[in-house]
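This report looks at how a ligand is held by a protein chain, and then at a few features of the chain itself. Please keep the structure in view while reading.

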Amino acid sequence: MTQRAFNFSAGPAVLPVPVLERVQRELLALPGPRASILEISHRSGPFLKIMAAAEANLRQLLSISDSYTILFLQGGSRLQFSMVPMNLLGETDRIADYVVTGSWGRQAAKEAGKFGDVRVAWDGSSENYVRTPANSEIDAGPSAAYTYFVSNETIEGVQFSAEPPANNSTLVCDASSDLLHKRLDISRYGLIYACAQKNIGPAGVTIVVVRNDLLERSSDALPGYMSYKAHAEQGSLFNTAPTFAIYVVRLVTDWLLNEMGGLETMHALNRQKADMLYEVIDESGGFYQGHAAADCRSLMNVVFRLPSDELSAAFVNEAADGNMTALAGHRSVGGIRASIYNAMPMAGVETLRDFMIKFREKRG
Ligand code: PMP
């Protein structure tokens, strides 16, 4: 079998090996239905049990109360850029505040502008999206139907360490690249969502956690698939659910609970992994330049530059020779991006750290 590399992809991204092994073992036939997860009905008993277990795991990991509905949807996070304003803007107060700390927030705000008045409550573009705002800088207000932010900007590697204030409007969060990296106080959120393919599972399913009272905002005039209410009423079976992806989410959340010991332990490990790389950046005498301001650094996506594009290219190539892949930065930012989600093992980060130190000694 091909040796697995340390895969630093931003998404779809690394999954826990025990999860992949279990998928491999069970792929031909699940115990019970004696058919593959790929072959059974989304309405069958065995699948409904799998989806219920995935939901129960998410509720346990994040202490999500019954006041919230969990939906398993398709269409990726991009569809949420539209579904959020389509459902939450309501009939009259069609104003939403967007805190824009990077590329994904910018694109979500642009999409929301098709459905209502978007007010940019803070915009980091003039500073090249290097930081999150202080609470006092955010101009969000109660007249907005909701206040939207991206907890971790995957491309720039800029992460909020705590929720920004919604100032009495409903807080909505795109947590696509950091949901489940630590515990959250869900009661602060009206709605929080994440596509699975970074920290939670494979591409194909998006998890939406929405406070029940907000479901009443979904107009009956919405196209069926676009309505949170329709999905909630059908228990995420409005249409054929992405069965395989939900099955893997169940296994990943089992792994977090049973093998990693929950999100507090996971968070401590994530911090340790990220600190290891940021320390090399800070001690490199300027050879490595981190993109994010020190207090806004992402624990999930470590984004940095080298002195030239040639050196960045050499870095990526030599890292691949050392069994580390997918380190090239996003095309809009350049440089290097090391994505170190929950499932990236400590050994992968240690290998990258040692490589960074050697590369600088050689080329710095
Ligand atoms: N938001 C964030 C923070 C992301 O990282 C991504 C994917 N990179 C998206 C939204 C878009 O997700 P999708 O491709 O699932 O639509």
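A polar contact here is a pair of N or O atoms within 3.5 Å. The model under discussion is predicted, and every value below is computed from it.

**The ligand and its contacts**

By that definition, the side chain of Trp104 makes a polar contact with the ligand, because one of its polar atoms lies 3.4 Å from a ligand oxygen atom. Side-chain atoms of Thr154 and Lys198 also lie at short listed distances from the ligand, with an oxygen atom as the ligand partner for Thr154 and a nitrogen atom for Lys198.

| Residue | Ligand atom | Distance |
|---|---|---|
| Trp104 | oxygen | 3.4 Å |
| Thr154 | oxygen | 2.4 Å |
| Lys198 | nitrogen | 2.9 Å |

On its own the ligand has 400 Å² of accessible area, of which the protein covers 85%. The site that holds the ligand is the largest pocket.

**The shell around the ligand**

The ligand is surrounded by 13 residues, and the closest of them are Arg78, Thr154, Asp174, Gln197 and Lys198. Sorted by class, this shell consists of six polar, four nonpolar and three charged residues. Which element gives the largest share of the shell? That share, four residues, comes from helix 3, which spans residues 76-88.

**Aromatic pairs**

Elsewhere in the analysis, the count of aromatic pairs comes to 15. One of them joins Tyr225 and Phe238 in an edge-to-face arrangement, with 6.3 Å from centre to centre and 65° between the planes. This pair links distant parts of the chain, 13 residues apart: Tyr225 belongs to the loop between strand 10 (206-211) and helix 5 (228-233), while Phe238 belongs to the loop between helix 5 and helix 6 (243-259).

**Backbone features**

Two loop positions deserve a separate look. Gly11 and Pro12 are joined by a cis peptide bond with omega at about -10°, and Pro12 is in the loop between strand 1 (6-7) and helix 1 (17-26). Asn168, although not a glycine, has a positive phi of about 75°, and this residue lies in the loop that runs between strand 7 (158-159) and strand 8 (170-174).

Definitions and conventions
Residues numbered from 1 in each chain as written. Predicted model: local features only at pLDDT ≥ 70, side-chain atom pairs only at ≥ 80, totals over all residues. Heavy atoms only, no water. Near = heavy atom within 4 Å. Polar contact = N/O pair within 3.5 Å; in protein donor to acceptor, adjacent residues only side chain to side chain. Areas by Shrake-Rupley, 256 points an atom, 1.4 Å probe, with all protein chains shown as cover. 1 Å grid on protein atoms, 1.4 Å probe; cavity = no way out; pocket = protein on both sides within 12 Å on 5 of 7 lines; lining within 4 Å. Sits in = over half its atoms within 2 Å of the grid points. Nonpolar A, V, L, I, M, F, W, Y, C, P; charged D, E, K, R; others polar. Phe/Tyr/Trp six-rings, centres within 6.5 Å; stacked < 30°, edge-to-face > 60°.
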